[in-house]
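Open your viewer and get comfortable. We will go from stop to stop, selecting a few residues each time and looking at what is there.

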Amino acid sequence: MLINISTVGHVITTLSFIAVALYAFLRQKDLHRTTRNSYLIYYAIIGISLIFASINLFRLVHEIDEIHETTLTSDLDAIAQYSGIFIQSGLILVLFASKIEVKPRSHPACVLAIGAHPDDIEIAAGASLAKMRDAGFGITGLILTRGERGGDGDTRPLEAQRGARFLGLDSVKVMDFTDTHLSADIVKITGAIEEMIDKVQPEIIFTHSAHDLHQDHQTVYEATMRAARSARTTILCYESPSVTQDFHPTYFIDVEKYVEVKVQALREHWNQRKKTYMKPELVRGKLAFRGAQAKVDYAEGFEVARMVSAI
Ligand SMILES: [Zn+2]
């Protein structure tokens, strides 16, 4: 029996290919879980490993039989070994290059909550925004009017600031478009929302629903959709007291621990305290109703205008 460097090379190459094939076979679930085009790569690894293991094994057997003393068989030996090592290295490189990588979040996800009037955000999504704040989201509010037709236009912006501070919003901007006449300024409002989207780069926008009887709410919905036409963002439409029977939420946020937070946030809007929809029992009842739809105790419901996952 002839034992030389070539024989040792064949043994090592054969064993390494068998080991790679065995490893790929035993860890196939991990491979499929962590790799793009996993089936292609899996079969390539198994197939090529077995082919080269066989070639090297074949050459090894012939070497042991001492029948390989020609230059031609020596060349074949070299090809079987070196090309095998080369291809194996290539497979490992392909495997690493095909790993599914998810970049860890380096900054908090930003949320933009848009409302026509100073209390809209709290009424419709106050509990969700508080919960998201606690979960690490950065939240910016944008209110288009001072609410001068529905109450005191000097007091209500301050109440919007207080409500936002209570919920934990990073900031809220109250603009001065004319209450109940937003449709006349839809181009400017669209521009204002666009500007805010550029600044905040939100991953989620909360805005009014298309299924809303209030003309200002309808305008804000339309302006938001236009302003976000090119933005890579989820858009969730919230439930104002003036939504129609056609408001059908399909996205629910479980806010069980935030019911009283929402009630308290609404108390910051003292100017609106006599409105029926501000009554705590009605607020709790609506949360319970949406919760029942979502099979949890309390929830806020949203219509999905667009859902983009950043995961
Ligand atoms: Zn409103």
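Is Asp 120 buried or exposed, and what about His 217? Select the two in this predicted model: Asp 120 is buried, and His 217 is buried too.

**The zinc site**

Now add the zinc ion and His 117 to your selection. The protein donors are ND1 of His 117, NE2 of His 217 and Asp 120, which is listed twice through OD atoms. They lie 2.1 to 2.4 Å from the zinc ion. Try the angle tool here: the four donor atoms subtend angles of 57 to 132°, so the arrangement is irregular.

Along the chain, these donors follow the spacing H-x2-D-x96-H. Color helix H5 (residues 120–134), where Asp 120 lies, and helix H8 (residues 215–227), which holds His 217. The pair therefore ties together parts that are 97 residues apart in sequence.

**The largest nonpolar core**

Next, show side chains for Val 111, Leu 129, Phe 206 and Phe 302, which touch the most other members of the 31-residue largest nonpolar core. Among the elements that each supply at least two residues to this core are strand E1 (110–115), strand E2 (138–145) and helix H6 (155–167). H5 gives the most, with eight residues.

Zoom in on Leu 129: leaving aside residues up to four places away in sequence, it touches Val 111, Ala 113, Ile 121, Ile 139, Leu 169 and Phe 206.

**A separate core**

For the last stop, select Phe 177, Leu 182, Ile 189 and Val 200. They are among the 21 residues of another core, which lies apart from the largest one.

Key
Residues are numbered from 1 along each chain as its sequence is written. This is a predicted model: local features need pLDDT of at least 70, side-chain atom pairs count only at pLDDT 80 or more; totals for chains, interfaces and linings use all residues. Side-chain values use heavy atoms; hydrogens and water are left out. Donors are N, O and S atoms within 2.8 Å of the metal (3.2 Å for Na, K and Ca); water is not among the atoms, so sites may look incomplete. Four donors count as tetrahedral if all angles lie between 85 and 135 degrees; four count as square planar and six as octahedral if opposite donors are over 155 degrees apart and all others between 65 and 115; anything else is irregular. Helices (H or I, at least four residues) and strands (E, at least two) are DSSP runs, numbered from the N terminus. Buried means under 20% relative accessible area, exposed over 50%, partly exposed in between (1.4 Å probe, protein chains only). A nonpolar core is a set of buried Ala, Val, Leu, Ile, Met, Phe, Trp, Tyr and Cys residues joined through side-chain atoms within 4.5 Å. Contact means heavy atoms within 4.5 Å.
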